[in-house]
Amino acid sequence: FLCFPALVTMAAIQLHQAATAAYKVPRNFRLLEELEKGEKGQVGDGTVSYGLESPDDISLTNWMGSILGPPGSVHDGRLYTVRMACGVDYPEKPPKITFVSRVNANFIGSRGEVNLSTIAGLNPWKNTMDLEKCLQEIRRELASPHNRRLPQPPEGTNF
(Lines give C-alpha, C1' and ligand atoms only; values in the text may rest on other atoms or scores of the structure.)
Protein backbone atom coordinates (compact mmCIF):
# COMPACT_ATOMS: atom_id res chain seq x y z
CA PHE A 1 0.00 0.00 0.00
CA LEU A 2 1.60 3.27 -1.14
CA CYS A 3 0.51 6.67 0.00
CA PHE A 4 0.17 9.60 -2.43
CA PRO A 5 3.59 11.26 -1.65
CA ALA A 6 5.37 7.96 -2.34
CA LEU A 7 3.64 7.67 -5.73
CA VAL A 8 4.63 11.23 -6.62
CA THR A 9 8.24 10.56 -5.58
CA MET A 10 8.40 7.35 -7.63
CA ALA A 11 6.94 9.14 -10.65
CA ALA A 12 9.46 11.97 -10.27
CA ILE A 13 12.35 9.48 -10.10
CA GLN A 14 11.14 7.68 -13.22
CA LEU A 15 10.73 10.98 -15.08
CA HIS A 16 14.25 12.06 -14.07
CA GLN A 17 15.74 8.73 -15.17
CA ALA A 18 13.98 8.94 -18.54
CA ALA A 19 15.10 12.54 -19.10
CA THR A 20 18.68 11.79 -18.06
CA ALA A 21 18.90 8.78 -20.37
CA ALA A 22 17.65 10.78 -23.35
CA TYR A 23 19.77 13.89 -22.76
CA LYS A 24 22.93 14.31 -24.82
CA VAL A 25 25.60 16.89 -24.14
CA PRO A 26 26.23 18.83 -27.39
CA ARG A 27 29.44 17.83 -29.19
CA ASN A 28 31.19 21.19 -28.80
CA PHE A 29 30.38 21.46 -25.08
CA ARG A 30 31.82 18.00 -24.57
CA LEU A 31 34.96 18.79 -26.58
CA LEU A 32 35.45 22.11 -24.78
CA GLU A 33 35.42 20.20 -21.48
CA GLU A 34 38.01 17.78 -22.87
CA LEU A 35 40.12 20.66 -24.17
CA GLU A 36 40.11 22.38 -20.79
CA LYS A 37 41.07 19.13 -19.07
CA GLY A 38 43.90 18.52 -21.54
CA GLU A 39 45.26 22.07 -21.41
CA LYS A 40 45.28 22.11 -17.61
CA GLY A 41 47.17 18.82 -17.50
CA GLN A 42 44.35 17.14 -15.60
CA VAL A 43 44.64 13.95 -17.60
CA GLY A 44 45.06 10.85 -15.44
CA ASP A 45 48.48 9.94 -14.11
CA GLY A 46 50.55 11.79 -16.72
CA THR A 47 51.17 8.79 -18.98
CA VAL A 48 48.89 10.24 -21.68
CA SER A 49 48.19 13.80 -22.81
CA TYR A 50 46.28 15.56 -25.56
CA GLY A 51 45.32 18.92 -27.02
CA LEU A 52 44.12 20.55 -30.21
CA GLU A 53 46.44 20.14 -33.19
CA SER A 54 45.95 23.82 -34.02
CA PRO A 55 44.72 26.50 -31.63
CA ASP A 56 42.75 27.95 -34.59
CA ASP A 57 40.61 24.80 -34.96
CA ILE A 58 37.26 26.30 -33.96
CA SER A 59 35.49 23.09 -35.02
CA LEU A 60 37.43 21.17 -32.30
CA THR A 61 38.01 18.36 -34.79
CA ASN A 62 41.76 17.70 -35.02
CA TRP A 63 43.69 16.72 -31.90
CA MET A 64 47.17 15.45 -31.07
CA GLY A 65 47.88 13.00 -28.29
CA SER A 66 50.93 11.52 -26.59
CA ILE A 67 51.32 8.12 -24.99
CA LEU A 68 54.24 7.17 -22.79
CA GLY A 69 55.22 3.57 -23.48
CA PRO A 70 54.23 1.19 -20.68
CA PRO A 71 57.03 -0.04 -18.38
CA GLY A 72 58.19 -3.62 -18.61
CA SER A 73 57.53 -3.77 -22.34
CA VAL A 74 59.46 -3.01 -25.55
CA HIS A 75 57.64 0.34 -25.46
CA ASP A 76 59.17 1.35 -22.11
CA GLY A 77 60.61 4.87 -22.31
CA ARG A 78 59.21 5.60 -25.77
CA LEU A 79 56.90 8.52 -26.40
CA TYR A 80 54.30 7.89 -29.09
CA THR A 81 52.36 10.61 -30.91
CA VAL A 82 48.86 10.10 -32.33
CA ARG A 83 46.41 12.20 -34.33
CA MET A 84 42.77 12.08 -33.30
CA ALA A 85 39.86 13.30 -35.42
CA CYS A 86 36.55 13.89 -33.66
CA GLY A 87 33.89 13.80 -36.36
CA VAL A 88 30.51 15.51 -36.27
CA ASP A 89 29.02 12.43 -34.56
CA TYR A 90 31.49 12.44 -31.65
CA PRO A 91 30.95 11.33 -28.87
CA GLU A 92 28.16 9.12 -30.23
CA LYS A 93 30.81 7.61 -32.53
CA PRO A 94 34.48 7.19 -31.56
CA PRO A 95 37.25 9.43 -32.84
CA LYS A 96 39.52 8.25 -35.66
CA ILE A 97 42.98 7.70 -34.21
CA THR A 98 46.18 7.32 -36.19
CA PHE A 99 49.71 6.88 -34.89
CA VAL A 100 52.23 9.41 -36.19
CA SER A 101 55.07 7.54 -34.46
CA ARG A 102 55.84 4.21 -36.07
CA VAL A 103 54.88 1.35 -33.76
CA ASN A 104 54.20 -2.33 -34.26
CA ALA A 105 51.06 -3.68 -32.54
CA ASN A 106 48.21 -5.98 -33.56
CA PHE A 107 45.58 -3.19 -33.42
CA ILE A 108 47.50 -0.73 -35.63
CA GLY A 109 47.25 -0.82 -39.43
CA SER A 110 50.03 -0.39 -41.96
CA ARG A 111 49.48 3.39 -42.14
CA GLY A 112 49.19 3.87 -38.37
CA GLU A 113 45.40 3.71 -38.14
CA VAL A 114 44.09 2.34 -34.83
CA ASN A 115 41.34 -0.27 -34.94
CA LEU A 116 39.44 0.74 -31.79
CA SER A 117 36.99 -2.15 -32.16
CA THR A 118 39.78 -4.62 -31.28
CA ILE A 119 40.59 -2.88 -27.99
CA ALA A 120 38.53 -4.49 -25.21
CA GLY A 121 38.15 -1.33 -23.10
CA LEU A 122 36.72 0.59 -26.08
CA ASN A 123 34.43 -2.04 -27.56
CA PRO A 124 31.57 -1.45 -27.57
CA TRP A 125 32.03 2.32 -27.80
CA LYS A 126 29.92 4.34 -25.35
CA ASN A 127 29.25 8.08 -25.61
CA THR A 128 30.57 8.48 -22.07
CA MET A 129 34.07 7.55 -23.28
CA ASP A 130 36.47 10.34 -24.17
CA LEU A 131 39.89 11.05 -25.69
CA GLU A 132 41.65 10.33 -22.41
CA LYS A 133 39.95 6.92 -22.18
CA CYS A 134 41.04 6.16 -25.76
CA LEU A 135 44.67 7.00 -25.04
CA GLN A 136 44.69 5.07 -21.77
CA GLU A 137 43.18 1.98 -23.40
CA ILE A 138 45.64 2.15 -26.29
CA ARG A 139 48.48 2.32 -23.75
CA ARG A 140 46.99 -0.63 -21.88
CA GLU A 141 46.80 -2.57 -25.14
CA LEU A 142 50.48 -1.84 -25.86
CA ALA A 143 51.27 -3.54 -22.53
CA SER A 144 49.12 -6.60 -23.28
CA PRO A 145 50.87 -9.98 -23.64
CA HIS A 146 50.47 -10.09 -27.44
CA ASN A 147 51.96 -6.59 -27.97
CA ARG A 148 54.48 -6.09 -25.18
CA ARG A 149 57.31 -8.04 -26.84
CA LEU A 150 56.76 -7.41 -30.55
CA PRO A 151 59.85 -6.14 -32.41
CA GLN A 152 59.63 -2.37 -32.89
CA PRO A 153 60.88 -0.04 -35.61
CA PRO A 154 63.70 2.32 -34.65
CA GLU A 155 62.65 4.96 -32.16
CA GLY A 156 61.84 8.33 -33.72
CA THR A 157 60.53 6.97 -37.04
CA ASN A 158 57.09 7.97 -38.31
CA PHE A 159 54.39 6.49 -40.54
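User: Is E132 buried or exposed, and what is its relative accessible area?
Analyst: This is a predicted model, so that goes for everything we say here. Buried means under 20% relative accessible area. E132 falls below that cut-off and counts as buried, because its relative accessible area is 7%.

User: Which side chain does E132 meet in a salt bridge?
Analyst: The pair sits 2.6 Å apart, N to O. E132 lies in helix 3 and its partner in helix 2, so the bridge ties together parts that are 95 residues apart in sequence. That partner counts as partly exposed, at 27% relative accessibility. The side chain in question is K37.

User: Helix 2 has a salt bridge of its own, so which residues make it?
Analyst: The two side chains meet at 3.2 Å, N to O. They are four residues apart in helix 2, which means about one helical turn separates them. Each of the two is buried. They are R30 and E34.

User: How do the buried residues of helix 2 sit around its axis, and within what arc?
Analyst: The buried residues here are R27, R30, L31, E34, L35 and G38. Looking down the axis, they line one face of the helix, because they fall within an arc of 140°.

User: Which exposed residues does helix 2 carry on the face turned away from its buried side?
Analyst: The buried side has its cover, which includes strand 1, strand 2 and helix 3. The face turned away from it carries exposed residues instead: F29, E33 and E39.

User: How far apart are the end C-alpha atoms of helix 2?
Analyst: Helix 2 has 13 residues, and at 1.5 Å a residue they should span 18 Å. The model agrees with that, with the end C-alpha atoms apart by 18 Å.

User: How many of the twelve residues of helix 3 are buried?
Analyst: Helix 3 is mostly covered. Its buried residues pack against helix 2, strand 1, strand 2, strand 3 and strand 4. Among them are L131, C134, L135, I138 and L142, along with charged ones such as E137 and R139. Out of twelve, the buried count is nine.

User: What is the nearest side chain of opposite charge to E141, and how far away is it?
Analyst: E141 is in helix 3, where it is buried yet has no salt bridge. Leaving aside neighbours within four places in sequence, its contacts are N106, F107, I119, H146 and N147. A salt bridge needs nitrogen and oxygen within 4 Å. The nearest opposite charge is R140, at 8.1 Å.

User: Which residues touch the most other members of the largest nonpolar core?
Analyst: In soluble globular proteins, nonpolar side chains tend to be buried together. This core has 30 residues, and helix 3 gives the most to it, with five. One of its well-connected members is F99, which also touches Y80, V82, I108, I138 and F159, among others. The residues that touch the most other members are W63, I67, F99 and F107.

User: Where do E53 and R83 lie?
Analyst: Their side chains meet in a salt bridge at 3.2 Å, N to O. The pair ties together parts that are 30 residues apart in sequence, because E53 lies in the loop between strand 1 and strand 2 and R83 in strand 3.

User: What are the relative accessible areas of E53 and R83?
Analyst: Partly exposed covers the range between the buried cut-off of 20% and the exposed one of 50%. Both residues land there: E53 at 36% and R83 at 40%.

Technical notes. Residues are numbered from 1 along each chain as its sequence is written. This is a predicted model: local features need pLDDT of at least 70, side-chain atom pairs count only at pLDDT 80 or more; totals for chains, interfaces and linings use all residues. Side-chain values use heavy atoms; hydrogens and water are left out. A nonpolar core is a set of buried Ala, Val, Leu, Ile, Met, Phe, Trp, Tyr and Cys residues joined through side-chain atoms within 4.5 Å. Buried means under 20% relative accessible area, exposed over 50%, partly exposed in between (1.4 Å probe, protein chains only). Helices (H or I, at least four residues) and strands (E, at least two) are DSSP runs, numbered from the N terminus. Contact means heavy atoms within 4.5 Å. Lys and Arg count as positive and Asp and Glu as negative; His and the chain ends are not counted. The expected span of a helix is 1.5 Å times one less than its number of residues. The arc is that of the directions from the helix axis to the C-beta atoms.
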